[in-house]
Amino acid sequence: MSAPPYARLYKPKVRLLWWLSRRSYTLFVLRELSSVFVAWTVVYLLLLVRAVARGPAEYQRFLDWSASPWLVALNVLSLAFVLLHAITFMNLTPQAMVLHVRGRRIPGRLLAGSIYATWLLVSAFLVWLVVG
Amino acid sequence: MSASHDVVIVGGGGAGLRAAIAVAETDPSLSVAVVSKVYPMRSHTVSAEGGAAGAIRSDDSLDEHAYDTVSGGDWLCDQDAVGAFVAEAPRELLRLEHWGCPWSREADGHIAVRPFGGMKKMRTWFAADKTGFHLLHTLFQTSLKYPSIARYDEWHVTRLLVDEGRVCGVVALELMSGRVEAIMGKAVILATGGCGRIFPFTTNAAIKTGDGMALAYWAGAPLKDMEFVQYHPTGLPFTGILITEAARSEGGWLVNKDGYRYLQDYNLGTPSPKPVFRSMELGPRDRLSQAFVHEVEKGRTIDSPYGPVVHLDLRHLGAKVIDTKLPFVRELCHKYENIDPVHELVPVRPVVHYMMGGVHTDIHGATGVAGLYAAGEVACVSINGANRLGSNSLPELLVFGARAGQAAAQYAVDAAPPPAAAEAQAADEQRRLERELLGRAAGRERMSTIRTQMQSTMEEAAGIYRDGDTLAKAADKLRELRERAASATIDDVSRTFNTELTAALELTGMIDLAESMVHSALHREESRGAHQRTDFPARDDERFLAHSMAYREPDGSPRIEHMPVTITRWPPGERVYGK
Amino acid sequence: MPDQITMQVARYRPEQEDAPTFDEYDVPLRKDWAVLDGLNYIKDELDGTLSYRWSCRMGICGSCGATVNGEPKLTCATFLTDYAPGPVRVEPLANFPIIRDLVVELTDFMTKLGKVRPWIIRDEEQPVEEGEYLQTPAELEEYKQFSMCINCMLCYSACPVYGLDPKFLGPAAIALAQRYNLDSRDDGGHERLTILSQPEGVWGCTYVGECSRACPKGVDPAGAIQRYKLTAATAAVKALLMPWSQR
């Protein structure tokens, strides 16, 4: 009855490097990437356990291997990513979990604070185990 | 190609959605269309803040709510309509509660109520200070569960289809594509709201351009009581953003430049630290706005870059009350005035807020044209008379939205399908719109010039105080503006989302409505409620205990007649506040 | 303060061009003016062909979403002086198809909203004559935040998942589902479970958190989604371990 509809929608394409356009997006992608390094840390720890189980010679070979520059670099990088992973996880937890005590909501900061405190306590204990 | 439904509803706000649900529940086999120029959740119902009145407390009664409403309306209300309204309001509000509306509660879980202007008892239900927002979203989301409700989002209705005195549907423009279609309907319900944008300072959103009132007017339905324009006493200067009456019912004070609660000088009672019903800041809106004008004349207002203002003092309420009961007010003051009402005074002035007048309907929502119904601010039943009490408008949407929906559904069941001839009118309308679209790129002046002149003419002539000379001059000016508007420039010749074209259509409607307002005001030679004539300062029940009825003549000008008010329980008395 | 500011506004006229371009306008720089006031000035005085949505101008109707200097904003709630000396770049909301100039297509969200059944679902309806369903202020607090959504779509615009996968249900739709799930008067949780626990439901979310940052009403859709992941996971485990408790 009337002229044919003339609307032509423009559909913007998402750029390949969309995640570089905003700091928060970049941080997010790095956070996701950190899972790879978390996985490597687990593998590395398993290798350590296996080396210890096979006796002092094997353990020494493991330590020599660990001292090679590329592995040191990898592990330093992994530490950074694991810290990123842990900190972002601990910061985000209160948003996802709503806990009530006697009808009142626990404030997010308190929840995050207690998670950090627990982490530091456990870390301190482990350090004492290893060093002390 | 055109669409066809049993009931077509124009406008998707509180009244429109309630009507749609009413049709769907009355008879699920009827197909009902909601045609709105914006997505329904953008409708102006969303901005209402303060609350919705419904008498539910044991110390309250329907009679008291009715009396407050009738006296608040300066006896221009039709008392049979008011009786029905107050009786159905609590039930409608409860229905909203059942549909999920997050009404604020007492500690024991029951509905909480607050005091409000002009009401003798506490009966205003509220959802913090975003009552309209919650009401609209509840209605909209609930409407999604009825499969018989079809929606036409962002379709702008440009004309009613009328054949042999009977409404047969609408012609609408789909904004996204520019196509013009007929949407046939056995019954049409107008729920398009008011027309605050006729004035320069208003709480109203951009979309409040009186489209439905204009549609009815052009189709031969009379407009009733158009001269009654409500100024809300507390709008922010510059933007006109509403600061809810709830700020006053929670205890806020209005003070002039000397920090003096000036309302005590205007027969509104004596100041007390806590709010007193029907007294001082809880007086009716028309009296409070009139008091402001007198304060300006006495030089006791504060000068601001946007004209004289007074101050709303909320400091004594404390942060806890403000954050619980008035959080949106705090947010608005902070964002748009850079002011924290907990510590500072808020500048406010009266701004146009609501139209008591509108399309004439009976108590079932039926207009003067067969098959045409109206509900909400677009309609004038009249329950608000010469001045509306705050918190009566939201229940009005529900009560009369439901009534109009039921009545339209009943009519549609019995009515014959619309004649084919009516559909042909849609082709004429489409040709007219194309002429508008293509023929005015080289128009004589910008639309904004005409719109601004219309607004300043109305503010001067049809403001809080009026007189015969200014009104007569305004009538001439508006006639001139009507002619100039027909040749104003439309730069945009696109068919895709052409908002300049829709603005031109809206402007034409607004000028016609402005004319009906000015002529109605000219013919009412008395002062009543929100219509105050300096040349006729007294109320005249002998001549004017009647509604003004504006009919459109073939040359476009309004013809004014009068229709008596329905008085059942309360003969006209004196409006007493502050005692 | 200079008395003018340049606005670079995205234009798209489908009858004339294949892709958006930019037009520049100089508008007065007043301290009270929101970006929306700038757009209105352009339309009224400089170029009537500019199309954009707006209505309430007080941040409650949700019409006026746009991308201002790269961030999703309500043009009525962000001020020109925040961007002085300028220029201010105004583009349509990201992640949506563009109809014209600053107007984007929203039917996807409207469909998704319907899918989450955003209404009170009760096992047993009580007639209105019997009065209100009781709800304490504490029960109201549980869902109140999620009921504040104005459907402005800034969260969809900020969400990279929605940008990459338009099938994702999205922040606002899930937050509104939660608004009903957590309402003490509602019994419809299991009805909404199906749509919400699909891959394009809550599990599409990778907790970027940008939606909550962009939200002008403090709804925190990211929180709503993560909370529901817990609910959905618990429901799945329960169904596995105690299949007889399924309704």
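# Contacts, helices and a sheet in a predicted model

Visitor: How many residues does each chain bring to the contact of chain C and chain B?

Guide: This is a predicted model in which local features need pLDDT of at least 70, side-chain atom pairs count only at pLDDT 80 or more, and totals for chains, interfaces and linings use all residues. Residues are numbered from 1 along each chain as its sequence is written, with chains lettered from A and ligands numbered from 1 in the order in which they are written. Residues are in contact if their C-beta atoms, placed from the backbone, lie within 7 Å, and the contact takes 44 residues from chain B and 42 residues from chain C.

Visitor: Which element gives the most to the side of chain C that touches chain B?

Guide: Helices (H or I, at least four residues) and strands (E, at least two) are DSSP runs, numbered from the N terminus. At least two residues each come from α1 (35-46), β6 (98-100) and α3 (137-144) of chain C. With three residues, the element that gives the most is α3(C).

Visitor: How are α1(B) and α4(B) oriented to each other?

Guide: The axes, which are lines fitted to C-alpha atoms, for helices over the stretch in contact, give angles from 0 to 180 degrees between N-to-C directions. For helix α1 (residues 14-26) and helix α4 (residues 131-143) of chain B, the axes come within 10 Å and cross at roughly 30°. Angles under 35 degrees count as roughly parallel, over 145 as roughly antiparallel, 65 to 115 as roughly perpendicular and the rest as oblique. The two helices α1(B) and α4(B) are therefore roughly parallel.

Visitor: Which strands of chain C stand at the edges of the sheet?

Guide: Two strands pair if DSSP finds at least two bridges between them, and in chain C five strands form an open sheet with mixed pairing, in the order β2-β1-β5-β3-β4. Because each has a single partner strand, one side is left without a neighbour in the sheet for the edge strands β2 (21-28) and β4 (71-74) of chain C.

Visitor: Which residue in β4(C) does C:Thr67 stand opposite?

Guide: Strand β3 (residues 65-68) of chain C runs antiparallel to β4(C), and four bridges join them. Opposite C:Thr67 stands C:Pro72.

Visitor: What distance separates the centres of domain 1 and domain 2 of chain C?

Guide: Domain bounds come from an automatic or database domain assignment, which for chain C gives domain 1 (4-104) and domain 2 (107-241). Taken over C-alpha atoms, the centres of domain 1 and domain 2 of chain C are separated by 30 Å.

Terms used. Contact = placed C-beta atoms within 7 Å.
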